Amino acid sequence: MISQSLERYSRQILFQHIGEERQKLLMDSYAVVVGCGALGTVSSSYLTRAGIGHIRIIDRDFIEESNLQRQILFDENDIAEGIPKAIAAQRKLRGINTKTNIEGIVTDVNYANKDELTKNADIILDGTDNFETRFLINDFCVKNNIPWIYSACIGSRGVMMNIIPSKTPCLRCVFETMPQMGSFPTCDTAGVIGSIAGVIGSIQVTEAIKILTKNYESINKTLLEIDVWDTRYKQIDVSSLRNLNNCPTCKSHKYRYLEAENGVMTTLICGKNAVQVMYRNISNIDLEKLAKRLASISDVSSNEFMLKFHVKDHEFTVFPDGRAIITGTNDLSMAKSLYSKYLGM
Ligand SMILES: [Zn+2]
């Protein structure tokens, strides 16, 4: 007999590998979802419905019309309102499960804020679109002994791998170095079928539930690859890579991605002709003052979350934390110089 307070999870509790005690483990768990695009909207939905006690969703971006094809938590009203993805996700998910503590945070995870954003997490789910952030999460999780789940989708293909520090190979064991910018297809060049994110996000949450409920014997230990178009399914055995490779992260404990080489970080944004620029020593920008300063060179629109202006072929979106997304370029150094030119860094 399932207790009344757990009725909403009764079908999950009835499942032979969960039960009431393990459901309570889920309700005491804290999951961080980094990136709330196609994958993040699927995984945060299922985590919320499964009754994970505390879910933090971190995303730096706003919702665009072309997102609606696959980012299942968002709708046309969110676009009309101009709210960030993390906030839109928080609103929707709070409506689904008031018993879960849902926190949407509008920012970019980077070396400067990763401790504050992800400390005490029981698990981290990858919903990002770039390897820079994934290697950062990998170094952070290995160093702090937090399991995380790498996931990615492109075209009709998706991949997923559980990373359990000191037990399974880490992302660097498998990929060694960060793939060169432009060497990987992006959503921009290859497109993406929405359903692959549904499949990979669902498997990601299933693995998260296994890890959080201590169903260790069931955890997938392969690099899983699925193609929904060819209906292909492949499990690549990576178990020997941790022993074979001299991985700087999990063997030598050198966490290069946790350190900043210099004060500026630039990231190419997947699926857009755009670059994000962020400076270490800028933490707060007064958007009102900035709007006044820029009024002479451009039409400026702003709300409490962001400020937008145009210069020639570039659109700048500036956030209160000092980040700027600059469209019209894939050139990182050009983006830095545009930032310096118009935002004075
Ligand atoms: Zn490793």
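This is a short talk on the sheet, the zinc site and the salt bridges of the structure above.

Hi everyone. One thing before we start: what you see is a predicted model. Let me begin with the sheet.

The sheet has 8 strands, it is open, and its pairing is mixed. If you walk across it, the order of the strands is 3-2-1-4-5-6-7-8. Which strands stand at the edges? They are strand 3 and strand 8, residues 232-237. Each of these has a single partner strand, so one of its sides is left without a neighbour in the sheet. As for twist, neighbouring strands are turned by 15° against each other on average, ignoring direction.

Let's look at the strand 8 end. Strand 7, residues 222-227, runs antiparallel to strand 8, and 6 bridges join the two. If you want a pair to click on, try I226, whose bridge partner in strand 8 is Y233.

Now for the helices that pack on this sheet. Helix 3, residues 38-50, touches strand 1, strand 2, strand 3, strand 4 and strand 5. Its direction makes about 165° with that of strand 1. Helix 10, residues 194-212, also packs on the sheet, and its contacts are with strand 4, strand 5, strand 6 and strand 7. The direction of helix 10 makes about 10° with that of strand 6.

On to the metal, which I know some of you have been waiting for. Which residues coordinate the zinc ion? Four cysteines do it through their SG atoms: C170, C173, C247 and C250, at 2.3 Å. Why is the arrangement tetrahedral? The 4 donor atoms subtend angles of 94 to 120° around the zinc ion, and the tetrahedral label requires all angles to lie between 85 and 135 degrees.

In sequence, the donors follow the spacing C-x2-C-x73-C-x2-C. That long middle stretch shows up in the fold too: C170 and C247 are 77 residues apart and link distant parts of the chain. C170 sits in the loop between strand 6 and helix 8, while C247 sits in the loop between helix 11 and strand 9. Are these two cysteines buried or exposed? C170 has a relative accessibility of 1%, so it counts as buried. C247 is buried as well, with a relative accessible area of 1%.

Last topic: charges. The model has 17 salt bridges, and I'll pick out a few.

The side chains of E103 and R56 meet at 3.1 Å, N to O. E103 belongs to strand 3 and R56 to strand 2, and the two residues are 47 apart in the chain. Here E103 is partly exposed at 22% relative accessible area, whereas R56 is buried at 12%.

The next one joins D129 and R60, at 3.7 Å. Both are loop residues: D129 lies between strand 4 and helix 7, and R60 between strand 2 and helix 4, with 69 residues separating them. D129 counts as partly exposed at 35% relative accessibility, and R60 is buried at 7%.

Then there is R134 with D126, where the salt bridge is 2.7 Å, N to O. In this pair, both residues are buried. Finally, E20, E21 and K24 form one network through salt bridges that share partners.

That's my tour; thanks for listening, and I'm happy to go back to any part of it.

Technical notes:
Residues numbered from 1 in each chain as written. Predicted model: local features only at pLDDT ≥ 70, side-chain atom pairs only at ≥ 80, totals over all residues. Heavy atoms only, no water. Donors = N, O, S within 2.8 Å, 3.2 Å for Na, K, Ca; no water. Tetrahedral: all angles 85-135°; square planar, octahedral: opposite > 155°, others 65-115°. Helix = DSSP H or I, 4+ residues; strand = E, 2+ residues; numbered from the N terminus. Buried < 20%, exposed > 50% of the residue type's maximum accessible area, 1.4 Å probe, protein only. Salt bridge = Lys/Arg side-chain N within 4 Å of Asp/Glu carboxyl O. Pairing = 2+ DSSP bridges. Axes fitted to C-alpha atoms, helices over the stretch in contact; angles between N-to-C directions. Contact = heavy atoms within 4.5 Å.
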